[in-house]
Amino acid sequence: MNLKTTEEIIARSIAQAFPAANLDIEGNGAQVVYNITLNEKLLVRLDHIGAVFNFPTRGSGKMSWSGIKEGSPETVAASIVQDLANAGFTVLSPVGKRIQKRPVFIGRYTFCPQCNEHSLIRRIVYGMIYQELDSEKFVSGGRGIGFNDPEIRCIGCGWEGIPEDVRFTKKIRG
Ligand SMILES: [Zn+2]
């Protein structure tokens with residue numbers, strides 16, 4: 001009998017979805033560590049306690065198996081694979097289709113990359129405005145320049161950019 005551990009199932013699921021990456025297995029027994037590496041850079045490390053992510057994510061960069069309240073190892077693996085897709089890695093669905101980045105959500109907890117404040121990022125609306133804008137979400141951009149106009153603005157410091165710029169911004173603790 002060789003029952004697979006949670007970390008082994010997750011590691012193998014990630015490796016399967018990530019053809020360019022390598023899965024290296026170190027140690028044995030309870031001390032086994034699964035390392036997902038790409039070009040010798042360690043991206044995900046899994047052991048019997050949890051996983052550590054060494055690529056940009058929205059979260060803390062760590063996950064412990066005891067903290068997972070619901071979901072099978074396969075669904076946990078799928079969420080890690082989606083995080084890899086969001087960070088730009090080429091990862092595949094079970095039928096071999098490339099998984100796309102999730103759209104960036106702009107909301108209260110979106111931090112400005114320039115002033116590090118949250119609740120201040122708005123989507124810019126160009127052109128004539130016929131209805132009153134929800135000022136919690138939108139800001140008028142006037143006519144724009146018509147090419148590569150920014151899509152979002154910080155109403156605190158005036159920074160402008162695109163949603164991708166704030167995909168991974170989080171509070172910088174100083
Ligand atoms: Zn700002």
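Donors are N, O and S atoms within 2.8 Å of the metal. In this predicted model, the zinc ion has four cysteine donors, namely Cys112, Cys115, Cys154 and Cys157. The chain also holds a nonpolar core of 27 residues and, apart from it, another core of eight residues.

**Zinc site**
- The SG atoms of Cys112, Cys115, Cys154 and Cys157 lie 2.3 Å from the zinc ion.
- The site is tetrahedral, with angles of 104 to 117 degrees among the four donor atoms.
- Along the chain, the donors are spaced as C-x2-C-x38-C-x2-C.
- Cysteine 115 belongs to the loop between H2 and strand E6 (121-125), and cysteine 157 to the loop between strand E8 (152-154) and strand E9 (160-161), so this pair ties together parts 42 residues apart in sequence.
- Cysteine 115 counts as partly exposed, at 27% relative accessibility, and cysteine 157 is also partly exposed, with a relative accessible area of 31%.

**Largest nonpolar core**
- Ile10, Ile14, Phe18, Ile36, Leu43, Leu46 and Leu84 touch the most other members of this core.
- Two or more residues come from each of helix H1 (6-17), strand E2 (33-38), strand E3 (41-46), strand E4 (50-53) and helix H2 (73-86).
- H2 gives the most to the core, with six residues.
- Beyond its neighbours within four places in sequence, leucine 84 is in contact with Ile14, Phe18, Leu43, Phe55, Phe89 and Val91.

**Second core**
- The separate core of eight residues includes Ile106, Ile121, Cys154 and Trp159.
- Cys154 is also one of the protein donors of the zinc ion.

Methods
Residues numbered from 1 in each chain as written. Predicted model: local features only at pLDDT ≥ 70, side-chain atom pairs only at ≥ 80, totals over all residues. Heavy atoms only, no water. Core = buried A, V, L, I, M, F, W, Y, C linked by side-chain atoms within 4.5 Å. Buried < 20%, exposed > 50% of the residue type's maximum accessible area, 1.4 Å probe, protein only. Helix = DSSP H or I, 4+ residues; strand = E, 2+ residues; numbered from the N terminus. Contact = heavy atoms within 4.5 Å. Donors = N, O, S within 2.8 Å, 3.2 Å for Na, K, Ca; no water. Tetrahedral: all angles 85-135°; square planar, octahedral: opposite > 155°, others 65-115°.
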